[in-house]
Amino acid sequence: MPTLTPSSRAWPARWWQLSGTGLFFAAGYFLISMSPSLLPRTWYYQGVISGLSAAAGYGLGVLVAWIVRGLARLIDLRISVSPETGHFLRVALPVLSGVAVVALTFSNVRSQGRTAEFLGLPPLRPVDWIGAIALAVGLSALLLAIARGLRRATHRLAEAAGQVLPRTLASIIAVVVVATATLWVSDSVLFHRGMQAMAAMAAQVNAKQPIGRTAPTSPLISGGPGSLESYASLGYQGQMFVTSAPSAEQIGEATGRTALEPIRVYAGRGEERTIDQVADAVLAELHRTNAFDRSVLAVITTTGTGWVDDWSVQAIEYLTNGDSATAAMQYSYLPSAMALITDRESTREAGRVLFDRIHAVWSRLPEDARPKLVVGGESLGSYGGHAAFADADDMLRRADGGVWVGTPSFTEIHAELTAARTPGSPQIAPVIEDGRHFRFVTSADELTHDYYGRDYGEWAFPRYVYAQHPSDPVVWWDPAILGAEPDWLREPRGRDVNPDVTWIPFVTFWQLTTDMAVGHDPADGFGHRYGPELIPAWGAVLGGVPGQDYRRIIAGVEKTVYRTE
């Protein structure tokens with residue numbers, strides 16, 4: 001390994017000298033990174049994970065070697081072997097390591113193939129693995145070069161400062177200056193400018209009009225005749241939402257009864273509007289459409305782009321025979337991943353402000369003349385929607401039920417309920433007070449029994465359903481996984497999760513991070529794809545009997561639903 005203060009003349013020759021211990025750790029982390037996770041990865045995501053893991057492993061190996069050498073010098077420890085033994089180790093260790101690398105690589109490739117089989121997706125091809133390995137090597141080499149360049153800059157600065165300052169003080173100052181400059185460049189230049197560029201692209205998408213869609217012709221839908229919100233102001237996802245409503249005839253065909261036309265209200269967030277103003281605009285639309293006269297009023301918190309899960313909304317519309325109103329608003333046009341990183345508070349503020357505005361009007365209506373007030377949201381929308389409530393008891397007091405879909409596990413109320421689960425029930429499907437009010441389900445049939453098939457007791461109103469797949473990375477992603485094994489990986493794996501999946505420090509977090517990018521790739525019922533299972537969930541919440549036959553409703557919704565974000 002290079003010395004701490006190499007001369008300028010020796011620098012080029014030392015640039016590519018690598019630490020044996022660092023390479024050993026890098027190879028180990030590289031192999032670990034290829035282990036299976038919740039979803040099959042694309043070759044480029046696999047390459048990124050493996051590159052990051054190998055670079056982190058190399059850095060850890062160098063640190064371990066430095067610590068061991070320092071301790072050895074401190075206690076004057078020296079280890080020597082005979083020439084024969086040294087020769088054997090120099091030959092045998094690389095050979096054995098190579099065999100282990102090949103064997104583990106093939107094992108991981110097969111295991112990732114099993115993950116694909118679990119979800120009905122094609123596994124990576126040999127050419128994909130070649131591309132992933134090439135990308136990983138290139139990325140790890142780039143990161144190593146950057147790290148060595150920073151170390152070189154630190155050494156040169158320390159040498160310069162050492163001309164006028166004590167050596168130790170000069171070294172400390174050099175480390176602080178280089179570290180500060182690196183953090184500034186990473187945050188202010190790379191991260192923020194990258195976020196700004198992505199935000200600009202998201203703004204362009206938001207300004208586009210969906211292809212093949214035109215403004216609604218119904219006055220009961222925002223952007224239509226008489227609406228206080230222009231169609232253009234709703235943004236891309238808002239326009240998708242208001243143009244996806246089923247007609248009364250389509251609903252009636254599925255229910256066998258004469259149906260009403262459902263109400264959908266939405267307001268976009270223009271550059272001049274605050275979240276409070278957008279919520280006020282939604283409330284004005286509710287008044288304009290007489291939405292408080294309907295039997296059910298649903299408040300749905302959107303994701304970062306303003307997307308609304310149409311499966312949830314159409315489930316409500318078909319189950320109520322059109323006698324419903326749904327309210328949603330845009331608080332951002334950023335993709336959920338960006339919103340989660342850069343502006344998580346706006347999500348919570350939007351969920352809280354919109355519900356509070358609507359609840360204030362609803363609570364003043366006579367109890368026998370007001371609609372059933374229900375709540376919902378998917379993914380980041382579920383996270384934001386929970387912010388309207390102080391805790392689970394507050395949710396029971398202030399709303400008449402709801403369905404939360406793919407809720408991130410770090411959502412406070414979700415985490416509190418999960419922590420209070422009945423002993424023996426798994427984190428993927430916790431049992432709360434024998435399912436009296438809250439039921440966590442990984443599939444629709446679990447509305448009547450727990451994950452292991454044990455029947456629930458009476459389901460009292462208000463009813464809440466948490467729909468979450470064991471293979472949904474959005475649910476299980478949490479920064480805490482970087483250094484702590486979660487319960488869902490200590491407990492038996494979910495039915496749609498490869499049993500080979502295990503917790504690995506640092507690596508599992510990045511695997512889940514890239515899994516989120518492909519969360520919609522599987523079919524409905526797996527990953528972050530929720531579909532027909534939401535109809536019986538909403539049916540139970542709205543007063544139906546859990547387990548009843550919803551096949552006609554499902555068939556009707558499948559004809560009209562807008563599927564993806």
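These are my notebook entries on a pocket and some aromatic rings in a predicted model.

**Ground rules.** I number residues from 1 along each chain as its sequence is written. Because the model is predicted, local features need pLDDT of at least 70 and side-chain atom pairs pLDDT 80 or more, while totals for chains, interfaces and linings use all residues; side-chain values use heavy atoms, without hydrogens and water.

**Pocket.** I looked up the second largest pocket (on a 1 Å grid over the protein atoms alone, an open set of points where a 1.4 Å probe fits, with protein on both sides within 12 Å along at least five of seven lines). About 930 Å³ of space lies in it, the volume being what probe spheres set on the points fill. Its lining has 34 residues, with P335, S336, A337, M516 and A517 closest to the centre; a lining residue has an atom within 4 Å of a point. I noted that α18 gives the largest share, six residues; helices here are DSSP runs (H or I) of at least four residues, numbered from the N terminus.

**Rings.** I found 14 aromatic pairs, meaning Phe, Tyr or Trp (six-membered ring) centres within 6.5 Å, with planes under 30 degrees apart stacked, over 60 edge-to-face and the rest tilted. F24 and F25 have centres 6.1 Å apart and planes at 80°, so they are edge-to-face. Y44 and Y45 have centres 5.0 Å apart and planes at 55°, so this pair is tilted. I also saw a cluster linked by ring pairs: Y383, F410, W477, F506, F509 and W510.

Definitions and conventions. Helices (H or I, at least four residues) and strands (E, at least two) are DSSP runs, numbered from the N terminus.
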